[in-house]
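User: I would like to learn how to read the features of a protein model, one at a time. Where should we begin?

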Amino acid sequence: MKLLIALALAFPMFAHAYGETFQNRSENPYVPQEGKVTAKQICVDEKNEVFRVFVPQHNKEYCKSIRWDRSDSHYPKKVCVGRTVKVIPAQTVSVSPFYEKVVCVKYDHTDSTRRTCKKSVVQTAQYPTSYLQYTYEAADWRKERPIRVQEKQIESCK
C-alpha cells in the first residue's frame, strides 16, 4: 500500500483518474459540443463552399395542429393535436456557411436605462471554421478546470 502511494506521489500521471473529456465551443452551431470532432462529423468542402454535417438517426414529432391550453391561467401551454412521430434516418447534409443576421445601425439614447434600436440592417455573415477544444480530466465532473485549451480548425473534406 505504501508503495502505491509513493508511486502516485512520485509520478503524477498515476495520481489522476484515467481518461479525458472534451468540450467544444464555437459560434458555428454544427460543431458538436462534446467529444472529439472528426471529419466524419463535420468537414469543410472549400471547393463548393459548404459544410458537410453528419446528422445521426433521430425521431421527429409532427403535429396536425397546435392548440393553447389555458386551464392553468398563469402558464398557457402548447398542446399538439394529431401527433405523429417519424424516424429520420442518419444522413450527411451539405449546409451553407453563410447566414443572415440583423444588426442595429442607429440607436435611440433618450431612455437612460436602456437604448433601443431605431434602424437595423440585415447583414450576411459566415460561420467560423475554427473552434476551441477544452480538455478536462475525467474526475472533473463540473468541468471547472481545463487541462488545456486549443484552437482547432475543422478538417477539410476528402
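## Reading the model

Analyst: Begin with the surface. The protein chain has an accessible surface of about 12,900 Å², and 52% of this belongs to carbon and sulfur atoms. Keep in mind that the model is predicted.

User: What share of the residues of the protein chain count as buried?

Analyst: Of its 158 residues, 18% count as buried. On contacts, take those with a separation of 6 or more: residues 24 or more positions apart account for 50% of them.

User: How many helices and strands does the secondary structure come to?

Analyst: The protein chain has one helix and twelve strands. Read along the sequence, the pattern is α-β-β-β-β-β-β-β-β-β-β-β-β, with the helix ahead of the strands.

User: How do I read a sheet, and which strands form an open one here?

Analyst: The general idea is that strands of a sheet pair through backbone hydrogen bonds, either parallel or antiparallel. In this structure, three strands form an open sheet in the order E2-E3-E8, with antiparallel pairing. Strand E2 (42-45) and strand E8 (91-95) are the edge strands, since each pairs on one side only. On average, neighbouring strands of this sheet are turned by 25 degrees against each other, direction ignored.

User: How many bridges join E2 to strand E3?

Analyst: Four bridges join E2 to strand E3 (residues 50-55), and the two run antiparallel. For the register, look at Ile42, which stands opposite Val53 in E3.

User: Now a single residue. Is Gln23 buried or exposed?

Analyst: Buried means under 20% relative accessible area. Gln23 has 16%, so Gln23 is buried. Gln23 lies in strand E1 (residues 20-25).

User: Which residues is Gln23 in contact with, leaving aside its neighbours within four places in sequence?

Analyst: They are Gln33, Glu34, Leu132, Gln133, Tyr134, Tyr136 and Lys143. There is also a side-chain link to Arg25: a polar contact of 3.2 Å joins the side chains of Gln23 and Arg25.

User: Let us turn to charged pairs. How many salt bridges does the count come to?

Analyst: The count comes to five salt bridges. One of them joins the side chains of Glu20 and Arg148, at 3.5 Å from N to O. This pair links distant parts of the chain, with Glu20 in strand E1 and Arg148 in strand E12 (residues 148-153), 128 residues apart. Glu20 is partly exposed at 39% relative accessibility, and Arg148 is partly exposed at 34%.

User: Where in the chain do the partners Glu61 and Arg83 lie?

Analyst: Their side chains meet in a salt bridge of 2.7 Å, N to O. Glu61 is in strand E4 (residues 58-62), while Arg83 is in the loop between strand E6 (77-81) and strand E7 (84-88); the pair is 22 residues apart and links distant parts of the chain. At 44% relative accessibility Glu61 counts as partly exposed, whereas Arg83 is exposed, with a relative accessible area of 54%.

User: Which residues do salt bridges that share partners join into one network?

Analyst: Start with Glu144 and Arg145, which form a salt bridge with their closest N and O atoms 3.4 Å apart. Salt bridges that share partners then join Arg142, Glu144 and Arg145 into one network. Glu144 has a relative accessible area of 45% and is partly exposed; Arg145, at 59%, counts as exposed.

Methods:
Residues numbered from 1 in each chain as written. Predicted model: local features only at pLDDT ≥ 70, side-chain atom pairs only at ≥ 80, totals over all residues. Heavy atoms only, no water. Buried < 20%, exposed > 50% of the residue type's maximum accessible area, 1.4 Å probe, protein only. Polar contact = N/O pair within 3.5 Å; in protein donor to acceptor, adjacent residues only side chain to side chain. Contact = heavy atoms within 4.5 Å. Salt bridge = Lys/Arg side-chain N within 4 Å of Asp/Glu carboxyl O. Areas by Shrake-Rupley, 256 points an atom, 1.4 Å probe, with all protein chains shown as cover. Pairing = 2+ DSSP bridges. Axes fitted to C-alpha atoms, helices over the stretch in contact; angles between N-to-C directions.
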